[in-house]
Amino acid sequence: MGSCSGVVSMAFMACLVMNSLVFVAYAGDFYQDFDLTWGDRRGKIFNGGKLLSLSLDSVSGSGFQSKQEYLFGRIDMQLKLVAGNSAGTVTAYYLSSQGPTHDEIDFEFLGNLSGDPYILHTNVFTQGKGNREQQFYLWFDPTRNFHTYSIIWKPQHIIFLVDNIPIRVFKNAEAIGVPFPKSQPMRIYSSLWNADDWATRGGLVKTDWTKAPFTAYYRNFNANACVWSGTSSSCANTNSVSDGAWETNELDAPGRRRLRWVQKYFMIYNYCTDLKRFPQGVPAECKHRF
């Protein structure tokens, strides 16, 4: 955050206003906050900017990205996923920087046959390296109603939340040599695309194009985050970001109980327990107590 010391009168007030704009919480307007980036009009913004949809057919999927870049904060989005037979489709909603050593924080929703549950796939990339997958079933049908999917990104940790219930924590473990995403600003991205070579039962179930177009819906975007202005100092005071129950640097006791509940009953894959994948030993952060 910049300093307003030594500035007087109206200029002083203007300086305070400018600094307060670095950290901003707002209910998003999709026209103002996002660009539809691909899909040849398969992405649509309507209801006065309050609702967005992405569609996928046999020709193309679609996607959007935020106009702003962010460095730390809380990002919330409500999604209603593709209903019916969504096998082969992936709805991705994530934060990402650019380049070969990019950082990325992922929600990916893997479609399935009608009546079978979606799989929520999460991942964290640091310095271009991912392979930190955790997967979950959800405790509700994500196609019937909108639900809130949130990312809290602080220098100390990343928390994934579903309807404000923490499902995953990725702690900063730089002290034991694990890179952590803390210097590259990220945009918000989402896309709906065909991945039937792997998305549903490892690619065994293909997309049924007779069910196309497949459509997902978005609303109530909210960013309580530092908008990147080109200098790291503008995002240094990350504690200025208020994220309600999670504004401290650790989960509180109810948050830890909810996390344990989700991971006990709904987690279906955790890279930290995949000894076949890591015969020489699990990654270092897996030994770091969360």
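Strand β6 (residues 70-80) runs antiparallel to β15 and is joined to it by 8 bridges. Strands here are DSSP runs of E with at least two residues, helices are runs of H or I with at least four, and both are numbered from the N terminus; two strands pair if DSSP finds at least two bridges between them. The model is a predicted one, in which local features need pLDDT of at least 70 and side-chain atom pairs count only at pLDDT 80 or more, while totals for chains, interfaces and linings use all residues. Residues are numbered from 1 along each chain as its sequence is written, and side-chain values use heavy atoms, with hydrogens and water left out.

Strand β15 is a good place to begin looking. Within the pairing with β6, Gln 78 stands opposite Arg 219 of β15. Strand β4 (residues 51-56) also pairs with β15, again in the antiparallel sense, over 6 bridges, and there Leu 54 faces Ala 216. Strand β15 (residues 214-227) is mostly covered, with 10 of its 14 residues buried. Buried means under 20% relative accessible area, exposed means over 50%, and partly exposed lies in between (1.4 Å probe, protein chains only). Before this strand, in the loop between β14 and β15, comes Pro 213; the peptide bond that leads from Ala 212 to Pro 213 is cis, with omega near 0°.

Stepping back to the whole protein chain, there are 3 helices and 16 strands. Of its 290 residues, 52% count as buried. The accessible surface comes to about 13600 Å², and carbon and sulfur atoms hold 53% of this; such areas come from the Shrake-Rupley method with a 1.4 Å probe, and for residues only the protein chains shown count as cover. Among contacts (heavy atoms within 4.5 Å) with a separation of 6 or more, 66% are between residues 24 or more positions apart.

An open sheet is formed by 8 strands in the order β2-β5-β14-β7-β8-β9-β10-β16, with antiparallel pairing. Strands β2 (34-38) and β16 (267-270) stand at the edges with a single partner strand each, so one side of each is left without a neighbour in the sheet. From one strand to the next, the twist averages 15°, taken between axes that are lines fitted to C-alpha atoms (for helices over the stretch in contact), with angles from 0 to 180 degrees between N-to-C directions. At the β16 edge, 3 bridges join this strand to the antiparallel β10 (residues 134-136), and Gln 134 has Asn 270 as its bridge partner.

Inside the sheet, Glu 104 is worth a closer look. This residue lies in strand β8 and, at 12% relative accessibility, counts as buried. Beyond its neighbours within four places in sequence, Glu 104 touches several residues, including Tyr 94, Leu 95, Asn 123 and Met 186. Phe 125 is 21 residues away from Glu 104 in sequence, yet their C-alpha atoms are 4.7 Å apart.

Aromatic rings offer another view of the structure. Rings of Phe, Tyr and Trp (its six-membered ring) pair if their centres lie within 6.5 Å; planes under 30 degrees apart count as stacked, over 60 as edge-to-face and the rest as tilted. By this rule there are 19 aromatic pairs. Tyr 93 and Phe 107 have ring centres 5.7 Å apart and planes at 5°, so this pair is stacked. Since Tyr 93 belongs to strand β7 (residues 89-96) and Phe 107 to strand β8 (residues 104-110), the pair ties together parts that are 14 residues apart in sequence. Both of these residues, Tyr 93 and Phe 107, are buried. Phe 170 and Phe 180 are stacked as well, because their ring centres are 6.1 Å apart and their planes are at 5°. Ring pairs also link Phe 30, Phe 34, Phe 64, Tyr 218 and Phe 221 into a cluster.

Strand β13 has 7 of its 7 residues buried, so it is largely enclosed by the rest of the structure. Strand β12 (residues 157-162) pairs with β13 in the antiparallel sense over 6 bridges, and Ile 159 has Val 169 as its bridge partner. The two strands, β12 and β13, form a hairpin with 2 residues between them, and Asp 163 in the turn has a positive phi of about 50°.
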